[in-house]
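Open the model in your viewer and keep the selection tool at hand. The stops below go one at a time.

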Amino acid sequence: MRYASRTQWSGGNPATASAWDTHQVAVEMMERGEKAILLTVGDTDFDTPKNVVAAANDSLRQGRTHYTGSAGEFSLRDAIARRHSATRGQPVSADQVVVTIGAQNALLTAAFCIVEAGDEVIVPEPMYTTYPGTIALAGAHVVSVASPAEKRFHPQIDLIAAAITPRTKAIFLATPNNPTGAVYTAEELRGIAILCQKHDLWLVSDEVYGDLIYEGIHVSPASLPGMAERTITIGSLSKSHAMAGWRLGWMVAPRELTGHAERLTGYITYGIPTFVQDAAIVALETAPHGVPEMKAAYLERRRRFCDRLDQIPGMTCHRPEGGMFVMLDIRATGLSAYDFAMGLVREQAVAVLPADGFGPSAAGYLRINLGAPDHDLDEAATRISSFALDLSGVTPG
Ligand SMILES: Cc1ncc(COP(=O)(O)O)c(C=O)c1O
């Protein structure tokens, strides 16, 4: 049979296509009954807060198992609007919110609303690996702009400006960034905002890690002057409330755009599970922004893990300013991130991601998830150390 070409699409960056090889190796080991430490996927070892689970159970018991409006129930849209207004510095109302199946579906719905064939979308790289495919599904293509390691992976406004062409329709960014943990500063975001206004561009601001900040402050670009009418803010409960499997996300945008998005959700998802929406209201209304114990644990893990890895000759730990990933600089070993990560999983059964799968600026870095139990991270640090010492021919003392 003949298939659409998009089924073969891999994002254009060959490193992205192979980025998950290490994960696959570890999964196969585990299927064979061998133990492996998985620090690849951006999920967390924390459980969803118990009262949120109870709310879903109650909702199911009450028979909340029927269709709802495709943009989400008013009460949830209102709860998201209130949370956004309180934490993002932009007052919004429920009709500016569309509830989606996780942030990923919000990104796709946003792309469907604002870009089409022939359009270009600028994205600072390293970037979350679904962006190119998401934007391509909407017909447009990504123009990636380097955020170099020596600039702590922060966006370079002059490079972004230079990448703008008459075909540029939007800029997508994530702050805090996945994989780098860069928390974009107010000044950087003001620079991007000026470009958006000058060239009449949309800004899609992915803030799924916006409640996990360790350094600096989270600035939501929609709160900057002149940006509310051209910014789509993406959020979800996946990271902030340890609810990745619930698939509950949203976009906050100008009313005209949410009207279009609501129509499109009718074709894409046809609504969000009703009992998940009920539980989401409880999450938003009872848990502070970011489950505090989880955030505190990530911060402590960042300190402990990085302090250990920094002692390994040839390794430097890039401490994230936000989010849940450490970036480990292994360039001094002379290996590529892929070769290092593959050797590590095969010889030490520790799976991490070669970060150049997220963009060439991360070449020579590994992305390591902090959402894993302390004992796994401690053991991973020990094994990374042995692997690195073996490479350099040094016997651990
Ligand atoms: C930057 C970024 N955006 C969006 C997503 C997707 O989040 P969700 O689980 O809410 O779909 C992720 C997931 O890892 C992410 O890292």
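Which pocket is the largest? Select the ligand to find out: the largest pocket is the space that the ligand takes. Keep in mind throughout that this is a predicted model.

With the ligand still selected, show the residues around it. Gly102, Ala103, Gln104, Tyr128, Asn178 and Asp206 are among them, and so are Val208, Tyr209, Ser236, Ser238, Lys239 and Arg247.

Next, pick out three of these residues in turn.

- Gln104: a polar atom of the backbone is 3.0 Å from a ligand oxygen.
- Asn178: here a polar atom of the side chain lies 2.7 Å from an oxygen of the ligand.
- Lys239: an N or O atom in the side chain is 2.8 Å from a ligand oxygen atom.

Now switch on a surface for the protein. On its own the ligand has 400 Å² of accessible area, and the protein covers 93% of that.

Leave the ligand and move to the nonpolar residues. The largest nonpolar core has 64 residues, and the members touching the most others are Phe172 and Ile384. Select Ile384 and look past its neighbours within four places in sequence: Ile384 is in contact with Phe305, Leu309, Ile312 and Met315, as well as with Leu328, Phe340, Leu344 and Ile368.

For the last stop, select Val99, Met243, Val252 and Ile272. These belong to a second core, separate from the one above, with 23 residues.

How values were computed. Residues are numbered from 1 along each chain as its sequence is written. This is a predicted model: local features need pLDDT of at least 70, side-chain atom pairs count only at pLDDT 80 or more; totals for chains, interfaces and linings use all residues. Side-chain values use heavy atoms; hydrogens and water are left out. A nonpolar core is a set of buried Ala, Val, Leu, Ile, Met, Phe, Trp, Tyr and Cys residues joined through side-chain atoms within 4.5 Å. Buried means under 20% relative accessible area, exposed over 50%, partly exposed in between (1.4 Å probe, protein chains only). Contact means heavy atoms within 4.5 Å. A residue is near a molecule or strand if one of its heavy atoms lies within 4 Å of it. A polar contact is a pair of N or O atoms within 3.5 Å; within protein, one must be able to donate a hydrogen and the other to accept it, and residues adjacent in sequence count only if both atoms are side-chain atoms. Accessible areas come from the Shrake-Rupley method with a 1.4 Å probe; for residues, only the protein chains shown count as cover. On a 1 Å grid over the protein atoms alone, a cavity is a set of points where a 1.4 Å probe fits but cannot get out, and a pocket is an open set with protein on both sides within 12 Å along at least five of seven lines; lining residues have an atom within 4 Å of a point. A molecule sits in a cavity or pocket if more than half of its atoms lie within 2 Å of its grid points.
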